[in-house]
Amino acid sequence: MYEVGQILRLRKKHACGGDTWEVLKSGVDMRLKCQSCGRVILIPRDKLVRQVKGG
Ligand SMILES: [Zn+2]
């Protein structure tokens, strides 16, 4: 499962062009920080699972 501090690469690029995100909080909802622009988002874990590259 995803851990705080882990870097994830998503299929869909962020608006800034970045596709790597740092996990800030793990749970039913995941809090991710864009590694390119620093934007923080909340995403449901089941939705995130489908977005992550390489499982
Ligand atoms: Zn970004």
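In what sense do strand E2 (residues 20–25) and E3 pair, and over how many bridges? In this predicted model, E2 and E3 run antiparallel to one another and are joined over four bridges. The pairing belongs to a fold in which the protein chain has four strands and one helix. The order of these elements along the sequence is β-β-β-β-α. The chain is as compact as a globular protein of its length, because its radius of gyration is 10 Å, close to the 10 Å that the globule rule gives for 55 residues. The C-alpha trace spans about 25 × 20 × 15 Å along its principal axes. Buried residues account for 7% of the 55 residues in the chain. Among contacts with a separation of 6 or more, 17% are made by residues 24 or more positions apart.

The four strands form an open sheet in the order E1-E2-E3-E4, and the pairing is antiparallel. Strand E1 (7–9) and E4 are the edge strands, each of them pairing on one side only. From one strand to the next, the twist averages 40 degrees.

At one edge of the sheet, E1 pairs with E2 in the antiparallel sense over three bridges. Within this pair, Ile-7 has Glu-22 of E2 as its bridge partner. Glu-22 also stands opposite Lys-33 in E3, and Lys-33 in turn has Val-40 of E4 as a bridge partner. A path of partners can thus be followed across the sheet, from Ile-7 to Glu-22, from Glu-22 to Lys-33, and from Lys-33 to Val-40. A second register point between E2 and E3 is given by Trp-21, which stands opposite Cys-34 in E3. The connection between E2 and E3 is a hairpin of three residues.

Strand E3 (residues 29–34) pairs with E4 in the antiparallel sense over five bridges. One of the facing pairs places Leu-32 opposite Ile-41 in E4. The hairpin of E3 and E4 has five residues between the strands, and within this hairpin Gly-38 adopts a positive phi near 85 degrees.

The two faces of E3 differ in cover. In a regular strand, side chains alternate between the two faces of the sheet. The covered face of E3 carries Met-30, Leu-32 and Cys-34, whereas Asp-29, Arg-31 and Lys-33 lie on the uncovered one. Leu-32, on the covered face, is the residue opposite Ile-41, and Cys-34, also on the covered face, is the residue opposite Trp-21. Lys-33, on the uncovered face, stands opposite Glu-22. Strand E4 (residues 40–44) lies largely in the open, because the number of buried residues among its five is zero.

Two residues outside the strands were examined in turn. Asp-19 is located in the loop between E1 and E2. With 17 other C-beta atoms within 10 Å, Asp-19 is partly exposed. When residues up to four places away in sequence are left out, Asp-19 touches Arg-9, Leu-10, Lys-13 and His-14. The C-alpha atom of Asp-19 is separated by 7.6 Å from that of Cys-34, and the two residues are 15 residues apart along the chain.

Lys-53 is found in the segment after helix H1 (45–51). Lys-53 is exposed, because 10 other C-beta atoms lie within 10 Å, and the limit for an exposed residue is 12 or fewer. Apart from residues up to four places away in sequence, Lys-53 touches Arg-9, Leu-10 and Arg-11. Arg-9 and Leu-10 also appear among the contacts of Asp-19. Lys-53 and Ile-41 are 12 residues apart in sequence, and their C-alpha atoms are 18 Å apart in space.

Note on methods. Residues are numbered from 1 along each chain as its sequence is written. This is a predicted model: local features need pLDDT of at least 70, side-chain atom pairs count only at pLDDT 80 or more; totals for chains, interfaces and linings use all residues. The radius of gyration is taken over C-alpha atoms; the globule rule is 2.2 Å times the number of residues to the power 0.38. A residue is buried if 20 or more other C-beta atoms lie within 10 Å of its own, exposed if 12 or fewer, and partly exposed in between; C-beta atoms are placed from the backbone. Two residues are in contact if their C-beta atoms, placed from the backbone, lie within 7 Å. Two strands pair if DSSP finds at least two bridges between them. Axes are lines fitted to C-alpha atoms, for helices over the stretch in contact, and angles run from 0 to 180 degrees between N-to-C directions.
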